[in-house]
Amino acid sequence: MNIRESELPGIGYKFEFITKNQDKLVIVIHDDGRREIYQFDSEDHDEVLSNVTLNDSEARKIAGILGGMAYKPKALEAVDFAFDDLIIEWFQVEPHAPAIQKTIGEMDIRNNFGVSVIALKKKNTRNTHNPGPDTVIEAGDTLVVSGEKHQIKEVIKKLLSSEG
């Protein structure tokens, strides 16, 4: 991830970056300690979708959470052990992935990869639902899949990532 930094004279400093999923974020740190975070549309990097302003104390608490000080994710190996070879993983469909505009049934994910799609969250909705074979996959959707680690890696690589 490439982070562009620029000084904003009389204001503070700006940090701009684009995530692996093509989400653009801009963080402005004001000289008075305020932080502003802007999220842009992944398809139109000039269109602001949301923004939040934090004071210095709030920003430091959020930084600690993001940095893993409040909760450290369990190692995937621990999850593997708990379920033997079965793991559950969340993955956001990347732009230009081969699965985009195809149905779960059309790709026959379970038979072709041994992986089950157990839930799906559409990019711009809050609802998570149990997807059927007619569910169309779109860029930005988050799929919750279960299977063995190597099977899930193959599904991600071949269908859900831009590399596929």
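Glutamine 101 is exposed, with a relative accessible area of 55%. This residue sits in the loop between β6 and α3. Its phi is positive, at about 70 degrees, although glutamine 101 is not a glycine. The model described here is predicted.

Histidine 96 belongs to the loop between β6 (87-92) and α3 (104-107). Histidine 96 also has a positive phi of about 70 degrees without being a glycine. Most residues other than glycine have a negative phi. Histidine 96 counts as exposed because its relative accessible area is 72%, and the cut-off for exposed is over 50%.

**Overall layout**

The protein has five helices and nine strands. Along the sequence they follow the pattern β-β-β-β-β-α-α-β-α-α-β-β-β-α. The protein has 164 residues, and 32% of them count as buried. Take the contacts with a separation of 6 or more: residues 24 or more positions apart account for 45% of them.

**The five-stranded sheet**

Five strands form an open sheet. Their order is β1-β2-β3-β4-β5, and the pairing is antiparallel. The edges are β1 (3-8) and β5 (48-54). Each has a single partner strand, so one side of each is left without a neighbour in the sheet. From one strand to the next, the twist averages 15 degrees.

Within this sheet, β2 (residues 12-18) pairs with β3 (residues 24-30) in the antiparallel sense, over seven bridges. One bridge pairs isoleucine 18 with lysine 24 in β3. Lysine 24 also lies over the face of phenylalanine 40, at 4.4 Å from the ring centre.

Helix α1 lies across β4 and β5. The helix runs at about 110 degrees to β5.

**Salt bridges**

The count comes to eleven salt bridges. Three of these pairs are listed here.

| Acidic residue | Basic residue | Closest N to O distance |
|---|---|---|
| Aspartate 32 | Arginine 34 | 3.0 Å |
| Aspartate 56 | Arginine 35 | 2.5 Å |
| Glutamate 138 | Lysine 122 | 4.0 Å |

Start with the pair of aspartate 32 and arginine 34. Aspartate 32 has 55% relative accessibility and counts as exposed. Arginine 34, at 33%, counts as partly exposed.

Next comes the salt bridge of aspartate 56 with arginine 35, the closest N and O atoms being 2.5 Å apart. Aspartate 56 lies in helix α1 (residues 56-66), while arginine 35 lies in strand β4 (residues 35-40). The pair therefore ties together parts that are 21 residues apart in sequence. Aspartate 56 is partly exposed, with a relative accessible area of 30%. Is arginine 35 buried or exposed? Arginine 35 counts as buried, because its relative accessibility of 15% falls under the 20% cut-off.

The salt bridge between glutamate 138 and lysine 122 spans 4.0 Å, N to O. This pair links distant parts of the chain, 16 residues apart. Glutamate 138 is in the loop between β8 (128-129) and β9 (142-147). Lysine 122 is in the loop between β7 (116-121) and β8. Glutamate 138 is partly exposed, with a relative accessible area of 34%.

Some salt bridges share partners. They join Arg4, Lys14, Glu16 and Lys24 into one network.

**The aromatic pair**

There is one aromatic pair by count. Tyrosine 13 and phenylalanine 15 form it, with 5.4 Å centre to centre and 45 degrees between the planes. The pair is tilted, because its angle is neither under 30 degrees nor over 60. Tyrosine 13 has 32% relative accessibility and counts as partly exposed. Phenylalanine 15, at 23%, also counts as partly exposed.

**Isoleucine 118**

Isoleucine 118 lies in strand β7. The residue is partly exposed, with a relative accessible area of 37%. Which residues does isoleucine 118 touch, not counting those up to four places away in sequence? They are Ile88, Asn130, Pro131, Val144, Val145 and Ser146. Isoleucine 118 and leucine 143 are 25 residues apart in sequence. In space they are 7.8 Å apart, C-alpha to C-alpha.

How values were computed. Residues are numbered from 1 along each chain as its sequence is written. This is a predicted model: local features need pLDDT of at least 70, side-chain atom pairs count only at pLDDT 80 or more; totals for chains, interfaces and linings use all residues. Side-chain values use heavy atoms; hydrogens and water are left out. A salt bridge is a side-chain nitrogen of Lys or Arg within 4 Å of a carboxyl oxygen of Asp or Glu. Buried means under 20% relative accessible area, exposed over 50%, partly exposed in between (1.4 Å probe, protein chains only). Helices (H or I, at least four residues) and strands (E, at least two) are DSSP runs, numbered from the N terminus. Rings of Phe, Tyr and Trp (its six-membered ring) pair if their centres lie within 6.5 Å; planes under 30 degrees apart count as stacked, over 60 as edge-to-face and the rest as tilted. A charge sits over a ring if NZ of Lys or CZ of Arg is within 6 Å of the ring centre and within 35 degrees of the ring normal. Two strands pair if DSSP finds at least two bridges between them. Axes are lines fitted to C-alpha atoms, for helices over the stretch in contact, and angles run from 0 to 180 degrees between N-to-C directions. Contact means heavy atoms within 4.5 Å.
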